[in-house]
Amino acid sequence: MTDTQKIGRNGDRTAREVDVVVAGAGFGGLYALYRLRGLGLEVQVYEAGSDIGGTWYWNRYPGARCDVESLAYSYAFSRELEEDWDWSERYASQPEILEYAHHVAERFDLRRDIQLETRVVSAVYDEARGRWTVRTDRGEEVSAQFCVMATGCLSARNIPDFPGLDRYSGRCFHTGDWPEEGVELEGRRVGIIGSGSTAIQAIPILAEQAGELFVFQRTPNFSMPARNTPMDPDYQKRAKASYPAFREPFVSGMFGLDFHPNDRLGASASPEERNEVFEERWRAGGLGVVGAFADLFVDEEVNEAAAEFIRGKIRETVHDPEVAELLCPDTPVGCKRPCADTNYFETYNRPNVTLVDIRNAPVEEITETGLRTGGRHYELDCIVFATGFAAMTGALLRIDIRGRDGVKLAEKWAEGPKTYLGLGVEGFPNLFTITGPGSPSVLANMIPGIEQHVNWIADCMVYMRERGLRRIEATPEAEAAWVEHVNQIADRTIYPTCNSWYVGANIPGKPRVFMPYLGFPRYVAKCEQVVANGYEGFRLES
Ligand code: NA7
């Protein structure tokens with residue numbers, strides 16, 4: 001028996017009762033614990049990893065780095081925290097972000113309510129009691145009034161079902177589960193499958209470490225130089241002196257990101273003017289080219305101008321014209337997640353790097369000693385899977401979540417995720433999802449997105465407590481209208497036109513639905529309006 005269980009009056013085991021179970025101790029779970037504990041609630045956090053940090057704990061691959069400026073990719077809830085933490089680079093590396101998560105946990109004494117190496121495996125709603133029974137892979141059971149799923153948007157790893165994988169005798173790793181002790185690659189023949197933003201960060205470093213590197217690319221991606229630099233102390237000081245004003249552009253633009261959105265329309269600019277703007281943003285570094293014009297995501301011609309500008313840069317950089325062409329994407333810019341890199345395209349000029357185009361010749365099999373594609377066998381000492389995640393829904397669906405009448409979340413979402421505001425699900429009372437599908441999540445700066453969600457949930461719990469309400473659930477009408485609205489907004493843009501993980505296209509058989517909500521400020525306004533109207537769209541009961 002664990003300390004989360006006790007003997008009931010009849011000698012049976014009864015689950016420990018808490019107010020809230022939080023699944024996940026990444027940035028969402030940490031802040032949820034801080035806020036909800038601050039309300040006097042008893043909170044139990046379970047974390048599958050052996051440390052806190054979520055995404056930034058698991059993604060330890062070489063080159064892992066955030067492509068949102070570090071000063072903006074940080075919590076805003078505590079002035080003291082803002083003051084006492086200094087970032088060392090414009091874009092923080094994974095170790096530094098993890099260190100920041102540790103600092104937050106120590107500073108606010110969070111660890112005592114977090115149980116590590118414990119995965120939530122099921123959450124079942126008991127309608128009679130109005131409580132959730134949560135079970136873990138350690139066999140523990142706890143009963144909670146609320147469940148807060150802080151399970152992350154990009155945490156359920158995708159390793160494609162390549163034939164023969166089990167007979168491979170070399171070492172293989174998914175970038176999202178990189179060994180903590182690192183991997184010795186010197187002199188080795190390394191293969192990496194994938195060319196998304198993870199691979200684009202890892203490839204330049206792997207190429208330096210490995211004897212030979214083979215990149216197996218199915219779809220090329222647009223990438224822009226990050227131009228990362230050590231943090232300028234004056235810049236950091238100025239930002240901190242008026243932190244809310246510094247953060248403002250990161251939350252007020254459509255994406256809540258440092259795209260530095262331009263109000264100007266590309267359609268009314270000449271080709272020369274457009275190129276000037278693209279060039280200026282390319283030189284500044286980061287993802288700014290994507291925000292070059294207000295119509296870049298809706299006007300195909302403007303988008304194509306940006307695409308051709310970046311293709312021009314790839315052709316200038318990569319010496320071998322055939323390799324350069326293979327690296328030029330033919331999708332609209334931004335339609336798949338845009339990437340920021342350090343020496344990505346330059347890496348293809350190294351003599352130890354080979355680009356293998358597998359668009360028309362998929363990986364046929366993994367053999368004992370390597371990989372076969374296009375009729376050729378590649379001997380490899382190590383295979384790196386940079387093959388992404390079952391984005392947005394994967395981490396939720398691998399938990400056996402059952403709501404009212406025993407309905408499984410997996411059944412409810414068989415045709416794609418359905419939520420109200422990406423916060424609540426009809427049929428699943430008192431269960432909240434942080435940055436869930438239907439919320440801006442991956443199309444916004446994650447940390448402000450998390451803070452906004454946690455604050456909304458905490459305020460909702462206060463509202464319920466003050467009125468003696470014990471149950472909150474999205475109504476079917478509000479949920480259906482929201483799902484339709486999320487898709488209507490996306491359909492006005494280029495987003496649904498390509499096979500991205502935003503639409504679930506990276507996972508065979510996953511329903512094709514655009515999952516994130518586009519427009520962080522509009523979303524925040526909607527959440528506020530829902531509250532102002534007495535939690536409109538939710539049914540509240542005592
Ligand atoms: P992504 O962006 O999903 O990239 C995964 C890559 O793996 C991508 O290039 C895929 O090609 C490729 N892939 C996936 N399955 C296969 C198979 N079966 N064969 C060959 N290639 C395959 O994941 P990342 O980890 O790079 O980035 C995820 C997010 O994490 C990132 O956007 C940040 O927000 C943080 P495809 O494009 O599907 O043809």
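**Close-up views of a ligand site and a domain interface**

**Figure 1. Polar contacts of the ligand with Arg337, Lys336 and Gly196.** In this predicted model, an N or O atom in the side chain of Arg337 lies 2.9 Å from an oxygen atom of the ligand. Taken alone, the ligand exposes 780 Å², and the protein buries 86% of that area. Lys336 also takes part through its side chain, with a polar atom placed 2.8 Å from a ligand oxygen atom. Gly196 contributes through its backbone instead: one of its polar backbone atoms is 3.4 Å from an oxygen atom of the ligand.

**Figure 2. The shell of residues around the ligand.** The ligand is surrounded by 19 residues. The closest of these are Ser195, Thr198, Arg218, Thr219 and Lys336. Lys336 is thus named both among the closest residues and as the owner of a polar side-chain atom 2.8 Å from a ligand oxygen atom. Sorted by class, the shell comprises eight nonpolar residues, eight polar residues and three charged residues.

**Figure 3. The two domains of the protein.** Domain 1 is assembled from three stretches of the chain, residues 14-52, 110-156 and 391-541. Domain 2 consists of residues 165-232 together with residues 241-385. Taken over C-alpha atoms, the centres of domain 1 and domain 2 are 31 Å apart.

**Figure 4. The interface between domain 1 and domain 2.** The size of an interface is often expressed as the accessible area that is lost when the parts come together. Here, domain 1 and domain 2 bury about 1500 Å² between them, and 66% of this area is on carbon and sulfur atoms. On the side of domain 1 that touches domain 2, there are eleven nonpolar residues, seven polar residues and one charged residue. In total, 19 residues of domain 1 are in contact with 20 residues of domain 2.

**Figure 5. Polar contacts and salt bridges between the domains.** Two residue pairs are in polar contact between domain 1 and domain 2, both at pLDDT 80 or more. The count of salt bridges between domain 1 and domain 2 is zero.

Methods. Residues are numbered from 1 along each chain as its sequence is written. This is a predicted model: local features need pLDDT of at least 70, side-chain atom pairs count only at pLDDT 80 or more; totals for chains, interfaces and linings use all residues. Side-chain values use heavy atoms; hydrogens and water are left out. A residue is near a molecule or strand if one of its heavy atoms lies within 4 Å of it. A polar contact is a pair of N or O atoms within 3.5 Å; within protein, one must be able to donate a hydrogen and the other to accept it, and residues adjacent in sequence count only if both atoms are side-chain atoms. Accessible areas come from the Shrake-Rupley method with a 1.4 Å probe; for residues, only the protein chains shown count as cover. Ala, Val, Leu, Ile, Met, Phe, Trp, Tyr, Cys and Pro count as nonpolar, Asp, Glu, Lys and Arg as charged, and the others, Gly among them, as polar. Domain bounds come from an automatic or database domain assignment. Contact means heavy atoms within 4.5 Å. Buried area is the accessible area (1.4 Å probe) that two parts lose on being put together, summed over both. A salt bridge is a side-chain nitrogen of Lys or Arg within 4 Å of a carboxyl oxygen of Asp or Glu.
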